[in-house]
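Work through the exercises below with the sequence and the coordinates at hand, and try each task before reading its solution.

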Amino acid sequence: MALAIVILALFLLLCFCAALFQWNEVRYRKNGLPPGTMGWPVFGETSEFLKQGPNFMNSKRARYGSFFKSHILGSPTVISMDPEVNRYILMNESKGLVAGYPQSMLDILGTCNIAAVHGDAHKLMRGALLAIVGPTMIKDRLLLQVDEFMRSHLRNWDSQIIDIQEKTKQMAFWTSLKQTTSIVSGPLWESFTIEFFKLVLGTFSLPIDLPGTNYRIGVQARNNIVKLLKKLISERVNSKIQKDDMLGYLLSEENKYKLNEEQIIDQIITVFYSGYETVSTTSMMAVKFLHDHPKVLQQLREEHIALREKKNPEDPIDWDDFKAMDFTRAVIFETSRLATVVNGVLRKTTKDLEVNGFLIPKGWRIYVYTREINYDPFLYSEPFTFNPWRWLVGFSLSRLTFFLSLYPLLKNDHFALLLSFFQDKNLESHNYFFLFGGGTRLCPGKELGIAEVSTFLHYFVTKYRWEEVGGCKLLKFPRVKAPNGFHIRVSSY
């Protein structure tokens, strides 16, 4: 009897789950929507998306094509894997395709964060951000600060086994903390560090506000960072002492973008977060790829030794040195492409909108999935090969030869794509270069991030050689990381 009751209960539970699943599919079955599945209520297909990553995307594309619907990260979402459609979405924010990052990220990074605002508010916040991280500021102030930090951070690595993942994470945040607040040590430095790494945990989570969830931890960390920054701002305003850092600039009369306290705080948190993921991961993966490709390491090292030979030992990297690092820039781009540090970007519709022949309802998100473009053989010959030379202008002849060899196989859409591609001077300027976003949302900190990674590589390859210890297991979705760490044995060069 008891067994029969258990079996009946399981049967009824199964029926309930099936009905719930089917109900969720029916509620999103509207005319004009792309094909696809929506998964469970509330959770959708988030679990499959995060666990399976590229396999989830490719299986959906095989079944529904390059433009399909799903429900991920707490929102009904259309996923686009088509290069032309992606470019249209990124270039047309004014038509109702604004930034649409997950609610958890918006709650934790702030309502004035550059990713959360659009229209005039976005212009204001972007202008203020470019004023503190743009090329002029890099040349006049930031590059020297980055150089000082990198020299100190890499000073005592000789004859040690280090976790380069941990070191690059620390490097990315601490250099941002120094640039924004001039804090380099002490109790306040420790507090910012502890709270920031908690904040990062919550930005890519479901917005479920329960004790112990990453979302709750991230929100609490944000609140603590806000308190620290408010105290710091109050002290500076009351003392009337202006420091030569980003916070000092935002508070100064020199800054033409007048922001209130909330906007300044969200701007500082933006600087903390936006460079952290890309700079740390790119630096770690560059170390990995350089170790695995000795010829690339040799040419990179030659470029930096040549720069160093023109300077005294204690002379810092200057703007002219940075602009001369052509091969270094190529290594950074190739690392970002092959490792796919950024998988895509999110947009949100502000009205019912027709995209790619489908009607996307107001408030839906569109995930511009750019990962597969990085491995498109029609754009990158031998796409799974680490080849920084492909990014150099002089490499265009071999790309043209490759294009001509593929010409008989090209479809019309690939022909149009590649025609614009070869009219450009190099890969960095082609129409499908999305490593740093696109349109009005092109990453304002792009050049600062490149300068930080370039300076790190300068001191790392000129001071040290290294070998991996114990192998390195890498996960590449949703974030690139080594779950057990990435340990290397460092010795002097």
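**Exercise 1: the buried side of a helix**

Task: in this predicted model, list the buried residues of α9 and identify what covers them.

Solution. The residues of α9 that count as buried are Trp189, Phe192, Thr193, Glu195, Phe196, Leu199, Val200 and Gly202. Next, consider the spacing of such positions: an α-helix has 3.6 residues a turn, so residues three or four places apart point the same way. The cover over the buried residues of α9 includes α5 (103-109), α8 (164-181), α10 (214-239) and α12. As a check on geometry, α9 (residues 187-202) contains 16 residues and spans 24 Å from its first C-alpha to its last, which is close to the 22 Å expected at 1.5 Å a residue.

**Exercise 2: two helices in contact**

Task: describe how α12 and α15 pack, beginning with the angle and the distance between their axes.

Solution. The axes of α12 (residues 261-292) and α15 lie 9 Å apart and make an angle of about 95°, which means that α12 is roughly perpendicular to α15. By class, this contact comprises eight nonpolar, three polar and no charged residues. On the α12 side the participants are Thr282, Met285, Ala286, Phe289 and Leu290, and they meet Val331, Ile332, Thr335, Ser336, Leu338 and Ala339 of α15.

**Exercise 3: a single arginine**

Task: is Arg329 buried or exposed, and which residues does Arg329 touch?

Solution. Begin by placing Arg329 in helix α15, which covers residues 326-339. Its relative accessibility is 18%, and because the cut-off for burial is under 20%, Arg329 counts as buried. Leaving aside residues up to four places away in sequence, Arg329 touches Phe322, Glu428, Lys446, Glu447 and Ile450.

**Exercise 4: a sheet and the helices on it**

Task: establish the strand order of the sheet that contains β4, β9 and β10, and then find which strands stand at its edges.

Solution. The sheet is open and is formed by three strands in the order β4-β10-β9, with antiparallel pairing. β4 (160-163) and β9 (464-468) each have a single partner strand and therefore stand at the edges, so that one side of each is left without a neighbour in the sheet. The twist from one strand to the next averages 35°. Looking at one pair in detail, β4 is joined to β10 (residues 487-492) by four bridges, and Ile161 has Arg489 in β10 as its bridge partner. Turning to the helices, α8 lies across β4 and β10 and runs at about 65° to β4, whereas α18 (residues 446-463) packs on the sheet by touching β9 and β10, its direction making about 90° with that of β9.

Technical notes:
Residues are numbered from 1 along each chain as its sequence is written. This is a predicted model: local features need pLDDT of at least 70, side-chain atom pairs count only at pLDDT 80 or more; totals for chains, interfaces and linings use all residues. Side-chain values use heavy atoms; hydrogens and water are left out. Buried means under 20% relative accessible area, exposed over 50%, partly exposed in between (1.4 Å probe, protein chains only). Contact means heavy atoms within 4.5 Å. Axes are lines fitted to C-alpha atoms, for helices over the stretch in contact, and angles run from 0 to 180 degrees between N-to-C directions. Angles under 35 degrees count as roughly parallel, over 145 as roughly antiparallel, 65 to 115 as roughly perpendicular and the rest as oblique. Ala, Val, Leu, Ile, Met, Phe, Trp, Tyr, Cys and Pro count as nonpolar, Asp, Glu, Lys and Arg as charged, and the others, Gly among them, as polar. The expected span of a helix is 1.5 Å times one less than its number of residues. Two strands pair if DSSP finds at least two bridges between them.
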